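The following exercises concern burial, charged pairs, strand pairing and one helix. Please work through each task with the structure in view before reading its solution.

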Amino acid sequence: MTNLRRRMLEELQRRNYSESTIRGYLRAVEQFAKHFGKSPDKLGPDELRSYQAYLLTERKLAVGSVVARVAALRFFFVRTLKRREFREELPYPKDRRRLPTEEVARLIDAAGNLMQRALLMTLYGTGMRRTEVSLLKVSDIDSRRMMIRVERGKGGAGRDLPLSPALLETLREYWRWKKPRIYLFPSSTGHHGPDKPISDKTVWYACKEAALHARITKHVTPHTLRHSWATHLLEAGTDLRTIQVLLGHGTSRPLPGISIYRSDTCSPRPTRWSICNYRALAKYPASITGKKINESAPRGGGRHPSHPG
């Protein structure tokens, strides 16, 4: 291991980045250096610009994949090498893919079974990441407070998310059918076992299969629903800072990988399956925008979704 790689690894570890993120960041910097045949600390703004254009135009990578590489290079130059001026040389490419509410409705209606339907509604109804959804526990659904607790968010941070009545009803119906004990979405018997969570890849496949059945030709992933949820909230009048907190971003800087924008082609009026309860969000400004979210109210015992609120 080179001294440069060791320095970057230490910077990632002391910030408690996940193992998968560490592997991805190190690999991205290694590929950048290999592309030019030089040590990455010997490369500068010109190489960064041409490499980013190369990823988008020649390799034709998805915007999300390029965003991940840009994040890795930003970390290397800004955090490891302390070259803070390089931040401006590494803009995140805009990703304008999102689903209008009508296509979200088609996607959910095309779910293959009740578990996939609950997965899709949870993704779009909360804006959670696919790993966060896969690790949800039954006790995280608090119907008394109408909140969902995310215990292990990105970077280990937790947060509370408003629970809409439509999503609660679907989760109750799903719970009565599946009877999950620990994890809300348990793994199938014969794989990890019923007391283990599903893989985040299962969440990804649920989106892909539903998009195929709904005949949606766009590239639909769990991140697409997260992006759509944030965009629809903005179009409905929710302020950007509130959306950032709900997404799990603890900073006021622009959100990496999520370019939230308004679009006249997307109706702000929710359809019957647009399960984000916009008016309900406006009622909880203190609990979802305050710095001490969890200290402002008790958890309420972590009641599972089949229990009446």
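**Exercise 1.** Determine which kind of contact joins the side chains of Arg 149 and Glu 151, and classify the burial of each residue.

*Solution.* Step 1: the side chains of Arg 149 and Glu 151 form a salt bridge, with an N to O distance of 3.8 Å; a salt bridge is a side-chain nitrogen of Lys or Arg within 4 Å of a carboxyl oxygen of Asp or Glu. The model is a predicted one, in which local features need pLDDT of at least 70 and side-chain atom pairs count only at pLDDT 80 or more, whereas totals for chains, interfaces and linings use all residues. Residues are numbered from 1 along each chain as its sequence is written, and side-chain values use heavy atoms, with hydrogens and water left out.

Step 2: burial is assigned from relative accessible area, where buried means under 20%, exposed over 50% and partly exposed in between (1.4 Å probe, protein chains only). Arg 149 has a relative accessibility of 9% and therefore counts as buried. Glu 151, at 38%, is partly exposed.

Step 3: the side chain of Arg 149 also makes a polar contact with the side chain of Asp 160, at 3.3 Å. A polar contact is a pair of N or O atoms within 3.5 Å; within protein, one must be able to donate a hydrogen and the other to accept it, and residues adjacent in sequence count only if both atoms are side-chain atoms.

**Exercise 2.** Identify the network that salt bridges with shared partners form.

*Solution.* Step 1: Asp 142 forms a salt bridge with Arg 145, the closest N and O atoms being 4.0 Å apart. Asp 142 is buried because its relative accessibility is 4%; Arg 145 is also buried, at 18%.

Step 2: a further salt bridge links Glu 169 to Arg 176, at 3.9 Å between the closest N and O atoms. Glu 169 is partly exposed at 43%, and Arg 176 is partly exposed at 44%.

Step 3: through shared partners, salt bridges join Asp 142, Arg 145, Arg 149, Glu 151 and Asp 160 into one network. The count of salt bridges comes to 15.

**Exercise 3.** Establish the strand order of the open sheet and state which strands stand at its edges.

*Solution.* Step 1: the sheet has 3 strands in the order S1-S2-S3, with antiparallel pairing. Strands are DSSP runs of E of at least two residues, and helices are runs of H or I of at least four, numbered from the N terminus.

Step 2: S1 (141-142) and S3 (159-162) each have a single partner strand, so one side of each lacks a neighbour in the sheet.

Step 3: 2 bridges join S1 to S2, and 4 bridges join S2 to S3; two strands pair if DSSP finds at least two bridges between them. Asp 142 stands opposite Met 147 in S2, and Met 147 stands opposite Pro 162 in S3.

Step 4: S1 and S2 form a hairpin with 4 residues between them, and Met 146 in the turn has a positive phi of about 55 degrees. Both faces of S2 are covered, with Met 147 and Arg 149 buried on one side and Ile 148 and Val 150 buried on the other.

**Exercise 4.** Decide whether helix H6 is largely enclosed or open, and describe its two ends.

*Solution.* Step 1: 12 of the 13 residues of H6 are buried, so the helix is largely enclosed by the rest of the structure. Among them are Leu 114, Met 121 and Tyr 124.

Step 2: at the start of H6, a side-chain oxygen of Asn 113 reaches to within 3.1 Å of the backbone nitrogen of Met 115. Just after H6, Gly 127 takes a positive phi of about 75 degrees.
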